[in-house]
Amino acid sequence: MKSIKNRSFYKGSQVKLFTMDNGLEVILFRDTSSPIIAYQTWFKVGSRNEQRGKLGIAHLFEHLMFNETKNLPHGVFDRTIEAAGGRTNAATWVDWTYYQNDLPSNSLELIIKLEAERMEHLVLQKPQLDSEKEVVLNERRLRVDDDINGFLIEQLFLLAFEKHPYRFPTIGFEEDIRSINLEDARNFYKTYYAPNNAHIVLVGDFDEEKALSLIQNYYGHIPSQIIPQFISPIEPAQQSLKQSLFYKPTETDKIIMGYKIPGVLDEDYLALDFIADILFGGVVSKFYREFVIEKELLSSLSAGVTPFIDPGILEISANLSQKRSAEEFLEDFKKSLNKFLQTGPLDVEIDRTRAKFLTDFFQGLRSCHQKATAIGQYHATWGDFEELFEIENKIQHFNKAYLHEVASRYLNDLSFSVVIAKPLEKSPIRP
Amino acid sequence: MINKRHVFPFTICEQRTDLPLCKLQVTFSKGSATDQSSIEGNAVFTGELMVRSIDGASYIQIKEALAQLGAKLSVYTGLESTTFELVCLKQNLPQAKKWLKHALLKPSYSEEEAQRIKREMLEELIAMQDDDASLASHAFTKELFKNHSYGVNTRGTMNSIGQLSTAIAQNWYQNHLSAQNAIFGAAGDISQSELDEFANEVIPFLPSNQSFTQEHRQITPQNLTNPQLLIVDKPERTQTQVFIGHIAPGFGSPLFLPLHIGLTAFGGTFTSRLMREIRSKRGLSYGVSAALSPHQDCSALVMHVYPFAEQAAQTLELMLSLYDDFRTQGLQKEEIDFAKNFLSSSHPFDMQTPEQKLRYKTKLVLLGAPIELAEDMPSQIEKITPHQINEAILTILKPCNVLISMLCSKELVSNQIEKSPVLSQIRSQIISSQEIY
């Protein structure tokens, strides 16, 4: 186990990165305030690595990782963790899949053993595959088919992207999910679930030397593999505004919009996150104040930047007030945006957003689980967990001129996509 | 175990300085359950008005001042509590806390803001039509606690919101917020002496309501005497949201903790009996659960599942069958030992951060429980015997009391129900999802 770097955090706490001979990276952060640990494994594989016809396999596979292994019958993994008083879960997105465990701190060796076991010895059987496919299809209905916001987000990505796999939903489509077979799942496991494609994050009350020794003991023999390089398809430049319209069982118009933005490693990314907050981040933000408070055109408004490795979207979501239309809002929004693009942000807006970012930063690192997730995600996406701790410093250097220039470069019609949903009653084909 | 008479005002301080974050809050033991039927939503309305109209400052002025400090002032209104909460960085606490103090002591009750809040509340009710789980859950709660204040529409109704006014809000403030029902709480980089100083600045100026008591209400909600199925109809649903349950003993009852342990084994973890039978074996639902939701007077025993529309009846039959087996046969020792161990060993997660500790202890005080339970809960769980657990299950669970609320598209589900020998025997009624608010 080789020590790569240490990063100091608040009041002398330290985040440390180690690497093993087989490529597995280990990030440790001691927090002895409670007798618990958060143990997470992040794999650098997500839905962007999928092929057409098998969309949803990364997420379905995540479900399968909770099934039997060579040494654990079906159901024993979860039961063992809960018997120790712990909780286990996982999530998949476009660039990564991660497995999270929160346990009492005296269960460290247990979780290291269990996680190493399923990284190396997962057993895939048809009954479990078939059952989990049904569960995932149920999940799709919950999050997309019967959820208006989930549906609109899915449509936005399908519209905004032409070539990049980010256009497809991580949960996949029903047809694809049903078509995934045992061989697909086994190949997926063999290809991507390797130590050199993963990092472990351990936060909480543990002894560092013991933790490293245990990890070395249980993972050290697992061989690295050749991970296929992801070649990012070149997304053609958008030539004009894109728009689509749907009629759904909802009470008021809804609109989801997106501007194309760079990936997280681009120097403009954090500035765009900052600008999104100035414009859409809560009551005092420019557009919330104008459209929700003053004009009451909208009943809600929010926005965020996708934390993706490759270029993503600044996503804006709004509910229209009763009797107001999405078209009315869109026209008004464009006028207001143009006005903003002429003047840029105000100094008071920049100061306010800086203060908010700082409070949000610390709030997002309260529990062991939150710390582990933030560190893990940054390491998976930015490639270096230290970027998380650079935020405070970077935003200190943002100034009016720079933010204005970034906003002008990205917030224009050539990168803009809009999806609107109107109530079924307004459908022209409804009797 | 409980029914402790706490001395108010009460203070709870969970100091920890590992991060420069502070939370300062004041919780009052009154909430939406005080709303009369014609003015449902009043407690929520009043709380919002208090944080949005302070000492002559407008909503935007307040928000701007707080935003400059990176601070957040919020209000959370539940059935039996209202909490005013401030979150900020330590360095900004001296300036930020005055906004919390003045929200409590100098609410301005701006007419303009009151009207805006009412319009927002109406829009919110409309937006809630998009949340299937919330609609089904609310329909369930409303029916379960029919004719009792626990069935109140906390966010109001399309009719009641129009009746709200600044005068009614002021009246609510005077009659329900007082030093005699206040819990002052702090979490993070804030000391007991700082909390006491804040409390001492506020307490003398809160409404003094000498007749205010902490007595629990004597009236207990009544269970159904026959099972009932409430279908909430909404178009184009490919999935159903189902809530099943009935009224159970409150936190203070000796049956509560045994029943809580029993329900944890039955449906409270990922490897519980319900999860195994519904999700793992059959893939019928992405999730399924069973738990007690405690109030001062009673609890609601609630099971939740969300199957495909085409499997709604099949899943519901299976849920009722599992409930029946649970009721009549109880739990095996292994299941009981597992649940007890899980609850004891996972207790540190409920108490990990200072904010979580504060929330847990505040809840104990609101329920009239000893605050020592926050640390002592694992040993209380350990003391409960398998016999007590199975006795509680047998005593409390009754099929005649069961209420089922199912949000679905009735044209996809009605036929299944008619054909089911079990479900067709249950008295049913159909309402539109739009009738709920």
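In strand β6 of chain B, the side chains of Gln228(B), Leu230(B) and Val232(B) point one way, those of Leu229(B), Ile231(B) and Asp233(B) point the other way, and all of them are buried. The model is predicted, and the description below should be read with that in mind. In a regular strand the side chains alternate between the two faces of the sheet. Buried here means under 20% relative accessible area. For β6(B), which covers residues 228-233, 6 of the 6 residues fall in that class, so the strand is largely enclosed by the rest of the structure.

What does β6(B) pair with? One partner is strand β10 of chain B, residues 403-408, joined to β6(B) in the parallel sense over 6 bridges. Within that pairing, Leu229(B) has Ile404(B) as its bridge partner. Another partner is strand β11 of chain B, residues 427-432, which runs parallel to β6(B) and is joined to it by 6 bridges. Here Ile231(B) stands opposite Ile430(B). Leu229(B) and Ile231(B), which point the same way from β6(B), thus serve as reference positions for following the two pairings: Leu229(B) for the one with β10(B), and Ile231(B) for the one with β11(B).

The description now turns to chain A. Chain A contains 15 helices and 12 strands. Its C-alpha trace spans about 60 × 55 × 40 Å along the principal axes. A compact globule of 431 residues would have a radius of gyration near 22 Å, and the 23 Å of chain A agrees with this. Of those 431 residues, 61% count as buried. Among contacts in chain A with a separation of 6 or more, 79% come from residues 24 or more positions apart.

The surface and charges of chain A can be described in the same way. Chain A exposes about 16,700 Å², and carbon and sulfur atoms supply 50% of that area. The chain carries 49 positive and 61 negative side chains, and the centres of the two sets lie 2 Å apart.

A single residue of chain A closes the tour. Where does Asp351(A) lie? It is in helix α12 of chain A, which runs over residues 347-363. Is Asp351(A) buried or exposed? Its relative accessibility is 39%, so Asp351(A) counts as partly exposed, a class that sits between the 20% and 50% cut-offs. Asp351(A) is 44 residues from Ile395(A) in sequence, and the C-alpha atoms of the two are 9.9 Å apart in space.

Technical notes: Residues numbered from 1 in each chain as written. Chains lettered and ligands numbered in written order. Predicted model: local features only at pLDDT ≥ 70, side-chain atom pairs only at ≥ 80, totals over all residues. Heavy atoms only, no water. Helix = DSSP H or I, 4+ residues; strand = E, 2+ residues; numbered from the N terminus. Buried < 20%, exposed > 50% of the residue type's maximum accessible area, 1.4 Å probe, protein only. Pairing = 2+ DSSP bridges. Rg over C-alpha atoms; globule rule 2.2 N^0.38 Å. Contact = heavy atoms within 4.5 Å. Areas by Shrake-Rupley, 256 points an atom, 1.4 Å probe, with all protein chains shown as cover. Lys, Arg positive; Asp, Glu negative; His and termini not counted. Charge placed at Lys NZ, Arg CZ, Asp CG, Glu CD.
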